[in-house]
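Visitor: I should be grateful for a close look at the largest pocket and its lining. Please proceed from there to whatever else in the model bears on the residues and elements involved.

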Amino acid sequence: MRRAARFVVTLVVLIAAGCAILWFTAKQLAAPAFREIGPPPPALQARQIQLLTADDIHVSGWWSPGRPGQGAVLLLHGVRGDRRQMLQRALLLHRQGRGALLIDLPSHGESGGAAITFGLRESEAVVAALEFLDREAPCERRAVIGVSLGAASTVLAKDRPPLDAVVLESMYPTIDEAFADRLKLHLGEWAGALSPLLLVQFPLQLGISPQALRPIDHIAELRAPLLVIAGARDQHTTVAETRRLYETALEPKALWIVPGAAHVDLLDYAPEDYATRVSAFLADRLAGTRCAVARAPAPLVTP
């Protein structure tokens, strides 16, 4: 009898300890990643900007105008990163004469925010940034390059201004799979079953439902030419998951699986291939203008 009682007590203690660990883990995953960024590097020829989301969260960034008719690109970093993660992409675009807008997503870098929400509330910063481009470069064609969290934030953005091209890198299809993949990677295959126990805390800690974090349900709403990129050895978002995302998207679309790459900066991993492929994709879609070209009045003909 005493042995049975000790077993029950031990089991209760273990369950309580497990729940506490999962609660702490979820809290840490959503903790803001604030840091000081400082001024833009001189080579980018950019100025610092401040935006405001619909929920009054301030968003910090850099804006580097390009040459007229070469387009403007919004660059969005991954989770726990900041705008500097996208600097090399911005410099590549700058050399091509394109405008580049780099921002810190909410709860990252020098932007405001109370918690990381894995793309949901971060998506409001995407809308604010695209509205900035509407005001600052109204005649330029627009694109987004989003990495991981930045990609998910783009796809989850509601009422976003129209886009002329989208590049999504290393994006998760559903938050359930994202957490399960990471648990398996760090703890082993068995740990994938713990994902629902983490996700059930989202409504309590973040006030959001895991059902709201399913980019695969919204990727067909982009309605813009799409380039999907992922690493062939990425275990945070598997190739199979990336192919599902690609298959769900609408045409026109293209898929590039980077040989040998894991969940890394794909520009840094394959700089020449990345520059060639992404530059060609953007060049075909950003050249020209959104504004009607004013025609000179016809000469008067004297009878």
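Guide: A convention on residue classes is needed at the outset. Ala, Val, Leu, Ile, Met, Phe, Trp, Tyr, Cys and Pro are taken as nonpolar, Asp, Glu, Lys and Arg as charged, and the others, Gly among them, as polar. The model is a predicted one. Under that convention, the lining of the largest pocket comprises ten nonpolar, six polar and three charged residues.

The largest pocket has a volume of about 380 Å³. Of the 19 residues that line it, Val 79, Ser 148, Leu 149, Arg 182 and His 263 lie nearest its centre. Two elements, helix H1 (2-30) and H5, give two or more residues to this lining. H5 makes the greatest contribution, with four residues.

One of the central residues, Ser 148, merits attention for its backbone. Ser 148 sits in the loop between S7 and H4, and its phi is near 55°, a positive value in a residue other than glycine. Most residues other than glycine have a negative phi. The relative accessibility of Ser 148 is 10%, so this residue counts as buried, the cut-off being under 20%.

A second serine has a phi value near 55°, again positive in a residue other than glycine: Ser 170. Ser 170 belongs to the loop between S8 and H5, and H5 is the element that gives the most to the pocket lining. With a relative accessible area of 3%, Ser 170 is buried. Thr 174 also lies in the loop between strand S8 (165-169) and helix H5 (175-187), and at 3% relative accessibility it is likewise buried. Not counting residues up to four places away in sequence, Thr 174 touches Leu 213, Arg 214, Pro 215 and Ile 216. Its C-alpha atom is 8.4 Å from that of Gln 211, which stands 37 residues away along the chain.

H4, which borders the loop of Ser 148, leads to the second largest pocket. The volume here is about 210 Å³. Its lining consists of 13 residues, and Leu 120, Ser 123, Leu 156, Ala 157 and Lys 158 are those nearest the centre. H3 and helix H4 (149-156) each provide at least two lining residues, and H3 has the largest share, with three. In composition this lining has six nonpolar, two polar and five charged residues. The charged count is therefore five here, by the classes defined above, against three for the largest pocket.

H3 also borders the loop that holds one end of the disulfide. Cys 139 and Cys 291 are bonded with their sulfur atoms 1.8 Å apart, and one disulfide is counted. Cys 139 lies in the loop between helix H3 (122-136) and strand S7 (142-147), whereas Cys 291 lies in the segment after helix H10 (271-286); the pair links distant parts of the chain, 152 residues apart. The torsion about the S-S bond is about -95°, which means that the disulfide is left-handed. Cys 139 is partly exposed at 29% relative accessibility, and Cys 291 is partly exposed with a relative accessible area of 29%.

Enclosed space must be considered apart from the open pockets. Two cavities of 30 Å³ or more are found in the whole structure. The largest has a volume of about 50 Å³, and among the residues lining it are Ile 219, Arg 223, Leu 250 and Glu 251. Its lining comprises seven nonpolar, no polar and two charged residues. The second largest cavity holds about 30 Å³ of space and is lined by Leu 168, Met 171, Ile 219, Val 228 and Leu 245; these are five nonpolar residues, with no polar and no charged ones. Ile 219 thus appears in the lining of the largest cavity and in that of the second largest.

Glu 251, one of the residues lining the largest cavity, is joined to Pro 252 by a cis peptide bond with omega about -5°. Most peptide bonds are trans. Pro 252 is placed in the loop between helix H8 (239-248) and strand S10 (253-258).

Finally, the setting as a whole: the chain has ten helices and ten strands, and buried residues make up 49% of its 303 residues. Among contacts with a separation of 6 or more, 73% involve residues 24 or more positions apart. About 14900 Å² of the chain is exposed, with 59% of that area supplied by carbon and sulfur atoms.

How values were computed. Residues are numbered from 1 along each chain as its sequence is written. This is a predicted model: local features need pLDDT of at least 70, side-chain atom pairs count only at pLDDT 80 or more; totals for chains, interfaces and linings use all residues. Side-chain values use heavy atoms; hydrogens and water are left out. A disulfide is a pair of cysteine sulfur atoms within 2.5 Å. Buried means under 20% relative accessible area, exposed over 50%, partly exposed in between (1.4 Å probe, protein chains only). Contact means heavy atoms within 4.5 Å. On a 1 Å grid over the protein atoms alone, a cavity is a set of points where a 1.4 Å probe fits but cannot get out, and a pocket is an open set with protein on both sides within 12 Å along at least five of seven lines; lining residues have an atom within 4 Å of a point. Grid points are joined across faces, edges and corners, and a volume is the space filled by probe spheres set on the points. Accessible areas come from the Shrake-Rupley method with a 1.4 Å probe; for residues, only the protein chains shown count as cover.
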